Amino acid sequence: MRKVGIYYAFWTHEWEADFLPFVPKVKELGFDQLEVNAGTVTDMKPADRATLAGAARDAGLRLSYGIGLPAQYDVSSLDEAVRANGLRYMRRMIDAVGDMGGGTICGTVHSTWPATLPPGHEDKSRFRDQSLRSMREMVKAAEDRGVVLLVEVINRFEQFMINTAAEAVAYVEEVASPACKILLDTFHMNIEEPSIGGAIRHAGKHLRQLHLGETDRKPPGLGRQPWKEIKTALDDAAFDGSLVMEPFVMAGGQVGRDVGVWRPIIENPDLDALARASLKFVRANLV
Ligand code: MN
């Protein structure tokens, strides 16, 4: 049975948040997993991390973590000082998540977000090489701490390095560690993949988690994503990872700005009711 989760930022205008109240809320809505911001967790006091981990454990809720590394922590930078800074930050993050019992950290763990190929460069291979150097160091720490880094395949307008499942498969096969796997996201796949089902099947055994959202990032069930094709591909790939919905429907704040929501995607949304209805749709159609 595939676990189903949701990303906390569906409810917030800012990335910084107190995650503790989301544990009973998301549990009551019926989810199995809560995804939180790995950067916030990294900067929390150890006692607060223990409280959050304990609350999730008591509720029977799995925690997972997401990050788009800020530019000063770019582990794919050609500037060795920046890259070293990113490696130190990722080490702290891996230790923080390790202290909470381990788990997955997804997102732009391999570079920085948002990012375009830096001016003056025509070829991304040097950045990719730097990223691979960093990832080979990071997975050593991750393997020791029960952490798995999930490289998220992101569309071309947000990142340049890994835009397709094929690029991600090539990357993780070069890393060749159980602590470096793939996350695909239906929103990004809708832009980049000629076949969404084909991308999922190609990611195959490397696919550890799927982010769910309609083409405009509404909650699953309210749009035109090919959910039947996605379900068939997940079954073909014998996918037993988590399905984490990552909807964004509100304009405003840094979250609205960073995900490019400049109008209400849904007017006056009842967020809890939307989450509950979408969960029902996902359990009926994708689990
Ligand atoms: Mn995503």
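Select Arg91 and Asp95 in this predicted model. Arg91 forms a salt bridge with Asp95, and the closest N and O atoms are 3.4 Å apart. Both residues belong to helix H4 (residues 80-99), where they stand 4 residues apart, about one turn of the helix. Arg91 has 42% relative accessibility and Asp95 has 21%. Since buried means under 20% and exposed means over 50%, Arg91 counts as partly exposed, and Asp95 is likewise partly exposed.

Next, add Arg145 and Asp99 to the selection. Their side chains meet in a salt bridge of 2.9 Å, N to O. Which helices does this pair connect? Arg145 lies in helix H5 (residues 125-145) and Asp99 in helix H4, so the pair ties together parts that are 46 residues apart in sequence. Arg145 is partly exposed, with a relative accessible area of 26%.

Now select Arg156 and Glu192. These two residues form a salt bridge whose closest N and O atoms are 2.8 Å apart. The pair links distant parts of the chain, 36 residues apart: Arg156 is in the loop between strand E5 (147-152) and helix H6 (165-175), while Glu192 is in helix H7 (residues 186-192). Is Glu192 buried or exposed? Glu192 has a relative accessible area of 11%, and is therefore buried.

Display Arg91, Asp95, Asp99 and Arg145 together once more: salt bridges that share partners join these residues into one network. The count for the structure comes to 18 salt bridges.

Move on to the manganese ion. Which residues are its protein donors? They are Glu152 (OE), Asp185 (OD), His211 (ND1) and Glu246 (OE), at 2.1 to 2.2 Å from the ion. Along the chain, the donors follow the spacing E-x32-D-x25-H-x34-E. Asp185 lies in strand E6 (residues 180-185) and His211 in strand E7 (residues 207-212), so this pair ties together parts that are 26 residues apart in sequence. Asp185 and His211 are both buried.

Turn then to the surface and select Lys3, Lys27, Arg62 and Arg208, which gather in a patch of positive charge. Lys27, one of these residues, is found in helix H1 (residues 22-29). Its relative accessibility is 37%, so Lys27 counts as partly exposed.

Finally, select Phe22, which also lies in helix H1. Phe22 counts as buried because its relative accessibility is 9%. To end the tour, add Ser76: the C-alpha atoms of Phe22 and Ser76 are separated by 33 Å, and the two residues are 54 residues apart along the chain.

Methods: Residues numbered from 1 in each chain as written. Predicted model: local features only at pLDDT ≥ 70, side-chain atom pairs only at ≥ 80, totals over all residues. Heavy atoms only, no water. Patch = residues over 30% accessible without salt bridge, like charges linked within 9 Å, V, L, I, M, F, W, Y side chains within 5 Å. Areas by Shrake-Rupley, 256 points an atom, 1.4 Å probe, with all protein chains shown as cover. Salt bridge = Lys/Arg side-chain N within 4 Å of Asp/Glu carboxyl O. Lys, Arg positive; Asp, Glu negative; His and termini not counted. Charge placed at Lys NZ, Arg CZ, Asp CG, Glu CD. Helix = DSSP H or I, 4+ residues; strand = E, 2+ residues; numbered from the N terminus. Buried < 20%, exposed > 50% of the residue type's maximum accessible area, 1.4 Å probe, protein only. Donors = N, O, S within 2.8 Å, 3.2 Å for Na, K, Ca; no water.
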